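Work through the exercises below with the sequence and the model in view. Try each task before reading its solution.

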Amino acid sequence: FEGLEIFRFMSQEIPTNKLSVYLIKEEYSEHKDILKKIDTLQSKDVNGIGVLYFGESHTFKPSWLDKFFGSALGDDIEKLFNASSKAILLSKVKVANDKERIFAIPFGYGWTFLNHGIWEERFGLKITLNTVDPNNLRRIDKKNMSSVPKDTSEQLSREGVAADFGIDIEQDLIQSITGKTKEEGFGKTITGKDSLSLSVKVDLSNIQEFLKQAYKKYESDEYKKDFGWIDQISEVKDLKIIENLNNGLVDNIKNNNFDKVWMAVPELVDWADVSGFSYTNDKDNLKADILLADFISNLPDSEKNNLTLDVFNRRVYCFGASSDELKHQWKAFNCLYCEIQDDKKKKTYLLSNGKWYEVENDFAKQVNEGYQQLRDNTASVSLPAYKCKNENEYNKETAKNNTDFCCMDRELISHGGGYSKIEFCDLYTKDKKIIHVKHYGGSAVLSHLFSQGVVSGELFLADKEFREKVNEKLPNGYKISNPNDKLNSSDFQIIFGIISSSSKQLEIPFFSKVSLRNAKRRLETYGYKVLLQKISAEETEKTKKN
């Protein structure tokens, strides 16, 4: 009876509070390093628990009031106003016998007081993974790296498992998870990203004990049982790590170590309308492709001899073929690709489209070994060197000069079922080789190429209506004998041909290797043989000027 009364007392005295919690990195022990403009804030010690910092609260007229209503409402509407409050509690907690950590708990807009980069990334995510019921997930925020990085947020109408969200465990970066907890002390529903968000029976009387338990969950590896794949790829947000990686990037370039550093077009471009590239906004001195060595050679001697990261704030320009006008321009840093391996931490770091990513070494090793095996396979067809203005001209010339090939480039097929215009391939041979050709580029460019190959290959095998439409486009001598009959996929090869001006072996960005690995796996499941071939590029007369 006494225990029941204590329970009732506790449940009445401690209300349910909605909290957001950040864990401050160990190197930031001074409050002045954690908070912006701390001298402008008011503060109050809170019962030995921590220090509450707060700013002045203000009332203000809603912006929509005058914009929409003007003076139509008169002066009586002055009672309508918005108000804002900002406060944040910094609490130092003894999380182990010899360790103390600082936690930040913002209230209102108090999170805006925090300096960027001072909190532990994925603190809330790890706690959530360790406390959530894996069969009762409600929402997942993710970034897919298969093509153009795409942020998506998916919510289920009822609880589900990770597979219900269509997660690609090799190409999706999980940024946030929401679900039902399996542990009473963490409330009913929990959301984790960098911060931990939840509604829980916690107030000042038991906040430090709660934070201690939260830290134990953060340190636990229990999540690996159900969510081990989540550590394969993550975005680097730690400013100090990014600074060290940027310094490593510059050192590699200074030492001419270009094996794992290069430049590439960072987005999809219409190569049929590309005249060339320039590093000086000068359309009279164009290059056929973006090369790091060319970029460096075009720098003034003062910057070339004292290379810093700031150099890559310069622009790379792309000019059109039809009008000679500027079509695209990118920050040079966004065109850089780099890989740096940290054997001590067993991590591989990748720079892609201006952002650094961390990849587990075992996963990186699997992907790289699979790519090397594919790249080193003997080519089953000899594709000529690229000497043309664009891909379409190359495909036409290849077919014109060798009757084993027919050109299917731009022979678009209208097809339903969620698809619009489908290109079967760029080149097709009499001995059933389906060839897709694309200029070398960044992850977005090449991942798009592999995705096209998968869509085409799946439809060609599974949909007789699509095969009939393909057959209508194929010239005599190349047609499929019985398009209505089920194909024997092992009779066909799917070849990805990548045009590259590099004299070295074909090397592509890591995320493109992952996309290729997945495309190869899917196509081989259907019975196709998948091959990769480099197409050597030679400069045209126009781009030889420089």
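The model is predicted.

**Exercise 1.** Which residues are linked in a network of salt bridges, and how far apart in sequence are Glu507 and Lys260?

Solution.
- Step 1. The network of salt bridges links Lys260, Glu339, Arg375, Asp376, Glu507 and Lys513.
- Step 2. Within it, take Glu507 and Lys260, whose side chains meet in a salt bridge at 3.9 Å, N to O.
- Step 3. Glu507 sits in the loop between β26 and α15, and Lys260 in the loop between α7 (239-254) and β14 (261-263). The two are 247 residues apart, and the pair links distant parts of the chain.

**Exercise 2.** Decide whether Asp231 and Lys224 are each buried, partly exposed or exposed.

Solution.
- Step 1. Buried means under 20% relative accessible area, and exposed means over 50%.
- Step 2. Asp231 has a relative accessible area of 8%, so Asp231 is buried.
- Step 3. Lys224 has 38% relative accessibility, so Lys224 is partly exposed.
- Step 4. The side chains of these residues, Asp231 and Lys224, meet in a salt bridge of 2.8 Å, N to O.

**Exercise 3.** Describe the surroundings of Lys217.

Solution.
- Step 1. Lys217 belongs to helix α5, residues 207-219.
- Step 2. Its relative accessible area is 14%, so Lys217 is buried.
- Step 3. Beyond its neighbours within four places in sequence, Lys217 is in contact with residues including Lys126, Asn130 and Phe186.
- Step 4. Glu183 is also in contact with Lys217, and a polar contact of 2.5 Å joins their side chains.

Technical notes. Residues are numbered from 1 along each chain as its sequence is written. This is a predicted model: local features need pLDDT of at least 70, side-chain atom pairs count only at pLDDT 80 or more; totals for chains, interfaces and linings use all residues. Side-chain values use heavy atoms; hydrogens and water are left out. Helices (H or I, at least four residues) and strands (E, at least two) are DSSP runs, numbered from the N terminus. Buried means under 20% relative accessible area, exposed over 50%, partly exposed in between (1.4 Å probe, protein chains only). A polar contact is a pair of N or O atoms within 3.5 Å; within protein, one must be able to donate a hydrogen and the other to accept it, and residues adjacent in sequence count only if both atoms are side-chain atoms. Contact means heavy atoms within 4.5 Å. A salt bridge is a side-chain nitrogen of Lys or Arg within 4 Å of a carboxyl oxygen of Asp or Glu.
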